[in-house]
Structures are given as C-alpha cells and as structure tokens.
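Here are a few exercises to work through with the model open in your viewer. Try each task before you read its solution.

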Amino acid sequence: MRLFLAFSALASSYRSQYGVCAFAFAFAPSLQAGQVQVHSVRRMSPLKMGIGLGPGEDEPAVLDATQEGTEGEIAYEVPNHEEFRTSRLTKLDQKIDTWFESLMHDADEGMILGRVSQSHHAALTTLPELTNDPEKDYDDEEWTPYVSTKLPWTPLVPAYGLEQFGLPMPRRGAEAWKQFDVPGMVDTDYSSSPLHNDVDLEVDEATANRYKEVLASKGAWLEDEDVTARLVYVNGRFCPTLSTTTDTIRNLGANDFKSGHLRDEIYECLERLPDGFTDELASSVLSDGEVPLTSLKKLSGPDHCTGEATSQFAINTQQGTACFAALNSLQTRAVTLVDVPAGMDAYTANADDDEEDAPLLKPVLLVHAVTPNGGADPSKEGGVACHPRTLVIGGEASRVSLVQMCIDLDEEVDTKPKLYNGYTQIYVREKASVKHSYLEETGGIPTSRVEYSDDEFELAPGEERPRDIEAKRPALKDLHLETVDVQITGVDGAYHGTLLSLGGSGRVRMALSTSLLKENAHATVNGFSLAGGAQRTDMRTNIHHIAQGAISRQAQKTMVGGRAFSTFRGRIRVEQSAQQTDSEQLARTILLSDKAKMWATPSLEIIADDVKCTHGATVSDLSEEELFYLRSRGLDRTTARNMLMYAFVEEVNACIDPIVMGGYNDPAGIRQRTIRRLQNLVPLMDRAIKGEFQSS
C-alpha cells in the first residue's frame, strides 16, 4: 500500500509539472546494486496518461546513481540483495542453523569419502545466488507464463531454509517439516561422535559371544551358512569379529578411499544427492524419439517442470533430506558396499547340483547395533551422532536380498541422547532385482496407558503416572533419520522394498525415494509404522515415474496409540515422458486411542495423459463388528483386539525376507517381536465413541 501511495504521489507531481504520468515498469534482473533503471514516456493516451514499455532505442537503459533522470522519466535504485539474505530468519530458524552447524564439527578433518565429501561439503556451504527469474521471449522454447519475476526494486531473498546454507535446512513451516517436531529436535545436542569411530571395533571372544546372544535374541543374527554376507556395526563402527564378508560385499574405510582402487562408478553413485540437488539423471531417458532427457529440473517441459532445486516451488515438493544426506557424506566413517556382479543369482548360486529347486535366497544381513550411550565419551555432555552409509549396486541380471536392521545392544552404561543419520543408496541395473527389508527397532518400547487421564483408572499407592514415566524415558530424546534413494536405471529392473518402523525412539523420520528411469521398470514399496507413548513418527515416500511403461505398487499401513503423532506423505509423480504408467497407492491407518493423531497425505502429480493411476487413504479404529465376532467365540477384549491388530500388520510383514521372519512361535522372529510391541498398545477400555470408522 505504501508503494502504491508513493507512486500515486509521484504521478501527481509529474502530472502537475508536465501534464503527463509515466508508469512503465520493465524487469531488470541483471542490474547491480546502486544502478538506476530509467523508464520513458513512449506515447500519449487520450486521457493524458503516459504509457511506455521501457526506454527508446536511442535512450540509455541504465544510469549511474549519480545521474539524474530527464523529463518524463522515473528512476529507482536496485537494492543490495545480500543485505536481505537473512532478513526472514526467526529465532527458531537461527537455532536450527546453529544446531545443524554443530553436527558438522571437525568435518574438514574427518571426511573419508574423498571427492564425494568435498562435493557435498561445497553443496552445503555454497550459498545460492540471489537472482531474479529472467524474462524469456515468447518464441523461446523455454518460455512459460509461470514465472515469479520480482519487481526490479524489490529485495531478493532465498527460499526458506537457504538463508545460511546451500541445501535447505529444516523449518517448522516448511512443507517437508511442518508436521514434524522440529523445535523438539533441535533442543537436543547431538554434537559428539562415538569414541575411536575412525577405526574398526575389535572385541575379544567373550564379548563377541555376548553380542551374538543379544543379536540372536532380537532376531538380528544369522549363521554364516544362512547368509551371503553379514556385516555388523556397533555405534557406527565396523566389527570384523562378528562379520562375514566377500570380495564384493564388504566394509569400505578411509584406506579404501585413499588407495584409489575403487572404480569411478562407486564414486559417481555416492556423489548423488536426493531431492533433485544432483540434477543429472542417473540414466538418460528416451522420450518420443527426441533428444534423451538428462536433466531432472527440465522434465515435462517449462510449464510443468519443478525447476531449480533451490527454488521455493521445488523445495515445497521435496522431502527435506538433502542436507542430512550431505551431512552423512561429511561425517560417516565407514561405507557398507553391496556390489553385486552382473549375472549373480543367489538362488541358483546357492543350490546344490542334486536339488531340483533352488533354496531361498540367502540375504545380505546388515546390522546396526546401538548401545545406550552411543559409544560416546562419558566425560562429555550432550548426545552423540552416528552416520551409517550403505551403497547397493545390483549388476545386470542379478538378484540380491538386503536386510537392514537397527536394534538396541543392551549394556550397563549411562544413557545419552542419540542421533542416527543413515543414508542408503540403491542402484538397480538392467533385469536386476533387489529385495530390500529395513527394520527399525531402536529406542526400546514406549510406555503404555499414557492416553488415559487420572480419573479413568486408579493408581496403586506409590505408583507413578504412565505419562510421567514416558516423559522421563531416555529414548524419547533419540532421533532416528533414514534416507533411502533408489535409482532403477536398467530396462526390466525391479525393486521390492519393505520398511518397518517399530522402535521406541522419540522422533523417527524415514524417507524413501524411488526413480523409475527405464522401460518396464517395477517398484514395490510397502511400509508399516507403529507409534505409541509420546512418539513423533514421519514416513515419507516419493515414487518418480520418468520412463515409459513402468509399474509401481505401494501399500502403507500405520498404527498410532497412546498420545503419539504420526505422519505419512506419499507422493507419486508421473512425468510427460512416462506414458503408459501403471501406479497404485493405498495408505491405511488405525488409531488406537482418543489422544492419538495421524496426518495422511497420499498425492498424485500426473503430467502424462496415458496412464492408469489410483490412490487412496483410510483412517479408522478397529471394527466393532469384527471385535464382537471374536468375543462371541470366547476371546476376551484384549486378545480380540490384538488379533485384529496383528492381522492388519501381517500383510506388510509377509513382504520381508522369509529367513528373518522366523516361525510363528519363535520368540526372536519378527512375528513375535511385532506382537509384543502391539500388546503394549492394545487399548484396555472400551472406545469413547461408538460406531464404525470412529477414532477411539
């Protein structure tokens, strides 16, 4: 309003002196601070209103700030945009940036990935330029009406999250983070690192046997004859004593990257950042016989592309994981390499000559065990962070199964807040098949009955309220972040992923992105998230159809009890080049208490016009009719509810590698482990609101 009044006053002044008003604003993104843009009167309207489109052919377009405009001209000064770069930062934003900077401590000294670490360090520390969107001629092939060109005298500011870093930081109001507990996340210090994390963990025989017993009791141990390889990490440190490796499935340390013996393909795969901050596609895509598509930001043409990854429009569609992926490259001290050679088929390779049928695929077992103190120095205050890194390359016509497990390794040591910042990259080549099972079970088990108020049940003398117990639970300060980036770069490549979040960490955020870059690529993504107590969990998926004729299937299930808050955001984007896409997505949620909350957002972005895509979401409680049926057969309320709850989960559990499922009565199997966690959340009382599809 003040700008309008200022120009109204200026117009009145010009009218009183010259009988003409000149309003001709031309965008000048190339002007530098201190320069002045001049607009001239081009012709006179019958109402004595000057109408102009800029300076004439013989008139100067730019004057120095010391020059004066001539009669009928309006001059304005271009601001120094750098002075406004941090103008929108709030106190919480500054706290977030300071918190993230503390996680980068000693990054220059500890980086082991060579050019990968250097590249990602530059991406984090190089601020984006403050430039205006350029105007293009109508005849330009990249012309689009959807531009956000600012007026030339308007200060330019970066997109939210890019004020002090080159990759977007978490922001409470950002699309990727608005449902997550960002203030609570940055209230905890995770700036310490595990002791001696730059060397492997050597343990004696007694300690190794004790670790084996703990891992076996949690279903995280398979004998040598049952696995293709087994790699065990304790607080981010590789433990050779507990591991079994091969020439192509092994741990990479600092010496491996210094030796120069790793092939370029490994470096190129590790260098890729998620959320479009590596613009070049992992594999070129053919589109209608034209020039192959290689740029992510230009997919689907100027009217439908996401544009530069640092633009606000692009950031609104991202998962917010790029900064943590780059942080992983700076701070990781070991990389798990699963490099499956072309043609390796574990089914036939493990079969005996006299057997007609090949046995089950022997998986690659990857275990990340975490102790209560995270391996930190007991003398230091604050929490500790570890940054596991995994790279899987499925060669042409190969088949492999990877089982990733994150578990607690119980020890009698002091407890510290822990940050787990994992980054898993999977590349699927032509006719390759990768089966991926990810199980997160750290943080113990949340406290039950926290949803009830004091007048809903009586406490025994001296008994502490469940809410107070949960508030003091040490794992409530733990933060588990996992980024999974899948690139299907070969024709007929297939990825089958199952993600289970069962742990009790206070804040859990898992993000999976799958890009289908070749014809007939297939992706199956199944997930289950269980939240209770005072947990905050977030599951995000992005299935990106770029090539023609690809197929994707997604089933996401979530169960929320206690006073927990859970989020699911599933995005499927079908580019113009991805004609004949077949995609399905379904998100189902069960709320177990009145105080539990769920935010489910399945979404489809379809630019192509020859596709078959469906999506949907449901949120409900356990069916009263089904409960009545089971109770009429003699089951009590708790058992009936537990049966329905596990039946809801079993569809996803069945997608996990069979060898880690265990028997129905195996206490270490995934079925019994899941049942024990579900029993902890079974409601003890009747629902507050009766009727079908009502949250209790």
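**Exercise 1: a helix and its surroundings**

In helix 10, the buried residues are Ala322, Cys323, Phe324, Ala325, Ala326, Leu327, Asn328, Ser329, Leu330 and Gln331. Keep in mind that this is a predicted model.

Task: work out why helix 10 is described as largely enclosed by the rest of the structure.

Solution. Begin with the extent of helix 10, which covers residues 322–331. Next, apply the cut-off: buried means under 20% relative accessible area. Of the 10 residues in helix 10, 10 are buried, so the rest of the structure largely encloses this helix.

**Exercise 2: a helix partner**

Task: find how the axes of helix 2 and helix 10 are arranged, and which residues make the contact.

Solution. Step one is the geometry: the axis of helix 2 (residues 91–103) and that of helix 10 come within 10 Å and cross at roughly 25°. Angles under 35 degrees count as roughly parallel, so helix 2 is roughly parallel to helix 10. Step two is the list of partners: helix 2 contributes Trp99, Phe100 and Leu103, while helix 10 contributes Cys323, Phe324, Leu327 and Gln331. Step three is the chemistry: the contact of helix 2 with helix 10 has six nonpolar residues, one polar and no charged.

**Exercise 3: a serine in a loop**

Task: decide whether Ser192 is buried or exposed, and list what it touches.

Solution. First place the residue: Ser192 sits in the loop between helix 5 (182–186) and helix 6 (205–217). Its relative accessibility is 11%, so Ser192 counts as buried. Leaving out residues up to four places away in sequence, Ser192 touches His105, Lys380, Glu381, Gly383, Val384 and Ala385.

**Exercise 4: two pockets**

Task: describe the largest pocket and the second largest pocket by volume and lining.

Solution. Start with the largest pocket, whose volume is about 1,600 Å³. It is lined by 39 residues, and those closest to its centre are Asp133, Pro134, Gly307, Glu308 and Ser311. By class, this lining has 16 nonpolar, 11 polar and 12 charged residues.

Now turn to the second largest pocket, with a volume of about 550 Å³. Its lining has 35 residues, with Pro274, Asp275, Gly276, Phe277 and Leu296 nearest its centre. Among the elements giving two or more residues to this lining are strand 19 (479–488) and strand 21 (507–516). Strand 10 gives the most, with three residues. The lining of the second largest pocket divides into 12 nonpolar, 13 polar and 10 charged residues.

Key. Residues are numbered from 1 along each chain as its sequence is written. This is a predicted model: local features need pLDDT of at least 70, side-chain atom pairs count only at pLDDT 80 or more; totals for chains, interfaces and linings use all residues. Side-chain values use heavy atoms; hydrogens and water are left out. On a 1 Å grid over the protein atoms alone, a cavity is a set of points where a 1.4 Å probe fits but cannot get out, and a pocket is an open set with protein on both sides within 12 Å along at least five of seven lines; lining residues have an atom within 4 Å of a point. Grid points are joined across faces, edges and corners, and a volume is the space filled by probe spheres set on the points. Ala, Val, Leu, Ile, Met, Phe, Trp, Tyr, Cys and Pro count as nonpolar, Asp, Glu, Lys and Arg as charged, and the others, Gly among them, as polar. Helices (H or I, at least four residues) and strands (E, at least two) are DSSP runs, numbered from the N terminus. Buried means under 20% relative accessible area, exposed over 50%, partly exposed in between (1.4 Å probe, protein chains only). Contact means heavy atoms within 4.5 Å. Axes are lines fitted to C-alpha atoms, for helices over the stretch in contact, and angles run from 0 to 180 degrees between N-to-C directions. Angles under 35 degrees count as roughly parallel, over 145 as roughly antiparallel, 65 to 115 as roughly perpendicular and the rest as oblique.
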